[in-house]
Number of protein chains: 2
Amino acid sequence: MSKYPEILHRRMVARSRLFRVEAVGLRFENGAEVEYERLAGTSHGAVIIVAVDGSGCAQLIREYAAGTGRYELGLPKGRVEKDEPLLDAANRELQEEVGLAGRELEWLRSLSLAPGYLAHRTEVIVARDLYESRLPGDEPEPIEVVPWPLDDLAGLLDEPDFSEARSLAALYLARDHLRDKGVL
Amino acid sequence: MSKYPEILHRRMVARSRLFRVEAVGLRFENGAEVEYERLAGTSHGAVIIVAVDGSGCAQLIREYAAGTGRYELGLPKGRVEKDEPLLDAANRELQEEVGLAGRELEWLRSLSLAPGYLAHRTEVIVARDLYESRLPGDEPEPIEVVPWPLDDLAGLLDEPDFSEARSLAALYLARDHLRDKGVL
């Protein structure tokens with residue numbers, strides 16, 4: 001691995017309500033100079049939750065996704081609030097989006113999305129020992145909840161509205177982790 | 001699933017050399033109106049390549065990632081050029097970033113990254129029957145190539161510079177696919 005490139009400059013080149021685009025000038029160890037653009041991350045990170053019920057199903061949700069402009073099937077997720085512990089954020093999002101909470105929550109892994117141009121990271125949290133509990137969310141319409149057997153990820157791949165790399169990676173990770181623990 | 005929301009307006013709210021941020025006003029079936037921001041996708045899409053050699057290793061690369069600001073281990077990938085077939089784009093990127101080409105290329109799946117706010121999609125391509133062939137790329141420094149056994153994704157997860165959800169999802173998909181075909 002090379003030495004980290006020297007940062008020559010960083011400046012904001014575009015911003016909107018949600019996004020901040022930064023240009024970063026770099027000089028690599030071999031002298032090559034490049035300017036990259038990247039999207040700054042959300043302030044306090046994000047969580048994605050694999051909530052597994054007693055029959056080995058992960059709770060998926062189907063909701064309208066403005067980025068792709070269609071209804072997408074995927075795991076519940078959301079932003080972490082200021083000073084909010086990761087596991088609390090996961091349990092809050094789960095109650096807002098699915099109407100369930102977990103008594104047992106476990107951090108599995110931190111994932112990046114597109115490290116070449118996004119600073120964003122998402123923490124994968126597994127929730128178990130679920131019980132009914134609902135918190136009000138900010139969704140414009142009720143979210144459809146779709147329990148899906150972790151043992152049938154191949155079948156999930158046949159669903160035409162399932163496409164998200166982050167959800168798929170988190171589901172594989174949780175499945176392998178729970179199999180290793182002997183609880184799946 | 002609900003009816004698709006009505007698009008009330010779409011306007012560009014920020015743009016840079018690389019990124020275009022759109023605000024989209026929507027009215028949902030229940031009458032709720034919301035404005036979302038989303039990042040428009042790259043014009044012709046992107047490919048991520050799982051190039052598997054005769055010993056069952058996928059060719060990973062380690063390169064500096066401007067988004068996260070660190071060297072990241074992941075699969076080779078890149079943008080599709082105008083009028084370029086997907087498999088050609090995959091074989092071009094493979095030659096630029098790894099110095100190998102594949103005689104057998106297969107489209108596996110289309111992945112979204114963060115459907116809530118990104119329009120981007122990435123096509124997962126599996127390349128096999130590899131041979132040495134290099135094309136000049138636009139990287140600022142030579143890329144380190146790291147062959148990794150598809151049978152040891154658990155070990156890959158222990159590598160501190162491996163974090164990308166998209167690479168992980170593509171590796172799991174390719175592994176399961178090649179196992180199903182009986183070639184792994």
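A residue counts as buried when its relative accessible area is under 20%, as exposed when that value is over 50%, and as partly exposed in between. Keep those cut-offs in mind for this tour of a predicted model.

**Stop 1: a buried pair in chain B**

Select Arg92(B) and Glu84(B) and show their side chains. The two meet in a salt bridge, with N and O 2.7 Å apart. Are these partners buried or exposed? Arg92(B) is buried, and Glu84(B) is buried too.

Now move to chain A and pick Glu81(A), Glu84(A), Arg92(A), Glu93(A) and Glu96(A). Salt bridges with shared partners tie these residues into one network. Over all chains, the structure holds 40 salt bridges.

**Stop 2: chain A as a whole**

Switch to a cartoon view and colour chain A by secondary structure. You should find three helices and 10 strands. Starting at the N terminus, the order of elements is β-β-β-β-β-β-β-α-β-β-β-α-α. Along the principal axes, the C-alpha atoms of chain A fill a box of roughly 55 × 40 × 35 Å.

If you turn on the surface, its accessible area for chain A is about 8000 Å², and carbon and sulfur atoms contribute 47% of that. Chain A has 184 residues, 57% of which count as buried. Among contacts in chain A with a separation of 6 or more, 58% are between residues 24 or more positions apart.

**Stop 3: two domains**

Colour residues 6–39 of chain A one way and 46–180 another: these are domain 1 and domain 2 in the domain assignment. Taken over C-alpha atoms, the centres of the two domains of chain A are 31 Å apart. How many residues of each domain of chain A are in contact with the other? Four residues of domain 1 touch five residues of domain 2.

**Stop 4: salt bridges in chain A**

Stay with chain A and select Arg11(A) together with Glu35(A). Their closest N and O atoms are 3.0 Å apart, forming a salt bridge. This pair links distant parts of the chain: Arg11(A) belongs to strand E1 (residues 6–15) and Glu35(A) to strand E3 (residues 33–39), 24 residues apart. Arg11(A) has a relative accessible area of 42%, so it is partly exposed. Glu35(A), at 32%, is partly exposed as well.

Next, go to Glu164(A) and Arg166(A). This salt bridge has its closest N and O atoms 2.9 Å apart, and both residues are buried.

**Stop 5: a nonpolar patch on chain B**

Show the surface of chain B and select Leu86(B), Leu87(B) and Trp107(B). Together they make a nonpolar surface patch of about 250 Å². Leu86(B) sits in helix H1 of chain B, which covers residues 86–97. Why does Leu86(B) count as partly exposed? Its relative accessibility is 31%, which places Leu86(B) between the cut-offs of 20% and 50%.

**Stop 6: how the copies pair**

Finally, bring both chains into view. A turn of 180° with a shift of 0.0 Å along the axis lays chain A on chain B, with an RMSD of 0.0 Å. The two copies are therefore related as by a two-fold rotation axis. To locate this axis from chain A, select Ala169(A): its C-alpha is the one in that chain nearest the axis, at 2.3 Å.

Which surface does each copy use? Of the interface residues of chain A, 100% are also interface residues in chain B, so the copies meet through the same surface.

How values were computed. Residues numbered from 1 in each chain as written. Chains lettered and ligands numbered in written order. Predicted model: local features only at pLDDT ≥ 70, side-chain atom pairs only at ≥ 80, totals over all residues. Heavy atoms only, no water. Least-squares fit on C-alpha atoms with pLDDT ≥ 70 in both. Contact = heavy atoms within 4.5 Å. Patch = residues over 30% accessible without salt bridge, like charges linked within 9 Å, V, L, I, M, F, W, Y side chains within 5 Å. Areas by Shrake-Rupley, 256 points an atom, 1.4 Å probe, with all protein chains shown as cover. Salt bridge = Lys/Arg side-chain N within 4 Å of Asp/Glu carboxyl O. Helix = DSSP H or I, 4+ residues; strand = E, 2+ residues; numbered from the N terminus. Buried < 20%, exposed > 50% of the residue type's maximum accessible area, 1.4 Å probe, protein only. Domains from an automatic or database assignment.
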